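Thank you for coming, and please have the sequence and the structure open while I talk. I will go through a few local features and then step back to the chain as a whole.

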Amino acid sequence: LVISRPKLFSFGSLASGYNDINLQSFQKESGIKIPAYIPGNPDRFKNSYDWLMSKPETKKAWIDWRCQVLYKHYSQMARTIASYRPDLKLNLNIFVHLTQNDRLADYLNQAPVEAMREMGFDPELYRDEPNIVVSPTLVPADLRWARSHYTPVATNANRTVLTAPEVVSSMNDLPRVAVTIHDRYFEDAIGREEPLKGLKDLGVDEMVWRASTLNPAGFHSLEPYVFALNYLDAASIIKGGYVIGSFGMDEELTTFSQAFQSLPAVKFDDVPNMADPVRVRQKVVDGKMYFYVLNCLPEAVEFSMKLNKASDVTDLVKNKQFNKVRSLAFDLAPYDLRVFESTSTGLSFTRSDFQLNEKWLKQLGRSLERLEKLAEEKPSAKAKYKPYLEQARTCWDQKHYARLYFLLQDGWAKELN
């Protein structure tokens, strides 16, 4: 189910859902009487909305009730599906409409989960629901696509919503998470406006409309896949839309997919102090220890890690065996994913180290310093963006360079510039 705009099975936003059935059921089930709801009054829906929104406690109660109603609906659907095929799950494709992106992008001042709750989706309700998979949607092309399709929307926010982990943090602890990478398509009636010469003479009717998707070049095309794995440890990643979504990135996607598909489809455990710029997670599955190493940057990283004991380790993609090793070292390509297996279920990692290109790292530091200087010159901007500037400085101090790299691409940084 695609959960986005108002539909029969989704409220879509806080602006919808005001009808007699909902308002009467809410009052009966919550015990909260809406004085503005007067049956027969043509303005009863608007008046009820105004009254519910007038107080934080009634607004919250209304949102909570809506989330509960939809959760019960979805869970009943999922149980019905499972009664016929126990292995089938209901996939909820959470698609926050891009008109809400300015709210989501201000994630340090407004909790992004509230935009989802206003739609009627509260991630916390699904934590113990075994028959539902929650699938947040990433839309990489919105940065450019919205310029021509939704010009009033704040363009810079569209990039932030894709790159900031805080936007999806309310879902990162759910046991069953997938990610959908939705392709916007660009279309043009070029077959009518500039038809190819000679086709008519051959008796061929040209396709009037041409549609294509927009993919970054080379390893940059893997960016949303890395977000899905880094931020959410997604067990499934789906990409598509109107056309075949992998054009121009087949080679890069093949390499990443081979590694990703070798992972068991379970929730992995974070390895402490190994999250940035290289993410390491591990999990014991069927009597074997699996772990993956993910470069979260579009830059090469030299990475090494110490093991708690000598162990046999197998690289599942390269089918390479490491015998009785106490440490592992890698030259990770940009957005590289490496997957390993060991029969030693007590295997753990005691420390790690990494090296980045010195020139690239200095440039990242200068970019941060430049933004801090601009903020000092603009007192109003400094106050407005203080939480983000403080987070950026913390990332630098803690050597969380991947988070800093994308943080400096946020809308606030573009506005400050």
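Let me start at the side chain of Ser342, where a polar atom lies 2.8 Å from the backbone oxygen of Asp312; I should say at once that this is a predicted model, and that the distances I quote are computed from it. Ser342 belongs to strand β13, which covers residues 337-342, and with a relative accessibility of 1% Ser342 counts as buried, because the limit for that label is under 20%.

Staying in strand β13, we come to Glu341, whose side chain meets that of Lys288 in a salt bridge, with N to O at 3.6 Å. Since Glu341 sits in strand β13 and Lys288 in strand β10, residues 288-295, the pair ties together parts that are 53 residues apart in sequence. How do the two partners compare in burial, buried or partly exposed? Glu341 has a relative accessibility of 16% and is therefore classed as buried, whereas Lys288, at 31%, is partly exposed.

That pair is one entry in a longer list, as the structure holds 24 salt bridges. In general terms, side chains of opposite charge can pair when their charged atoms come close. Another example joins Arg403 and Glu166, with an N to O distance of 2.9 Å. Here Arg403 lies in helix α14, residues 401-407, while Glu166 is in the loop between α7 (155-163) and β4 (178-182), so this bridge ties together parts that are 237 residues apart in sequence. Arg403 itself, with 10% relative accessibility, counts as buried.

A further bridge can be found between Lys382 and Glu376, where the closest N and O atoms are 2.8 Å apart. In this case Lys382 is partly exposed, its relative accessible area being 35%, and Glu376, at 52% relative accessibility, counts as exposed. Beyond such pairs, salt bridges that share partners join Lys60, Asp64, Glu114, Arg117 and Asp122 into one network.

From paired charges I turn to a group of charges on the surface. Which residues form a negative surface patch? The patch is made up of Glu187, Asp188, Glu193 and Glu194. Of these I will place Glu187, which lies in strand β5, residues 185-188, and which is partly exposed, with a relative accessible area of 45%.

Helix α9, residues 223-232, offers a view of covered residues, and one may ask how many of its 10 residues are buried. The count is 10 of 10, so that the helix is described as mostly covered, given that buried means under 20% relative accessible area. Among the buried residues of α9 are Tyr225, Phe227 and Tyr231, and also Glu223 and Asn230. The residue that follows α9 is Asp233, and its phi is positive, near 50 degrees.

Finally, let me step back to the whole chain. There are 15 helices and 14 strands in the chain, and its C-alpha atoms fill a box of roughly 80 × 65 × 65 Å, taken along the principal axes. The chain has 417 residues, of which buried residues make up 47%.

Technical notes. Residues are numbered from 1 along each chain as its sequence is written. This is a predicted model: local features need pLDDT of at least 70, side-chain atom pairs count only at pLDDT 80 or more; totals for chains, interfaces and linings use all residues. Side-chain values use heavy atoms; hydrogens and water are left out. Patches are made of residues with over 30% relative accessible area and no salt bridge: like charges are joined within 9 Å, nonpolar side chains (Val, Leu, Ile, Met, Phe, Trp, Tyr) within 5 Å. Accessible areas come from the Shrake-Rupley method with a 1.4 Å probe; for residues, only the protein chains shown count as cover. A salt bridge is a side-chain nitrogen of Lys or Arg within 4 Å of a carboxyl oxygen of Asp or Glu. Lys and Arg count as positive and Asp and Glu as negative; His and the chain ends are not counted. The place of a charge is taken as NZ of Lys, CZ of Arg, CG of Asp or CD of Glu. Helices (H or I, at least four residues) and strands (E, at least two) are DSSP runs, numbered from the N terminus. Buried means under 20% relative accessible area, exposed over 50%, partly exposed in between (1.4 Å probe, protein chains only). A polar contact is a pair of N or O atoms within 3.5 Å; within protein, one must be able to donate a hydrogen and the other to accept it, and residues adjacent in sequence count only if both atoms are side-chain atoms.
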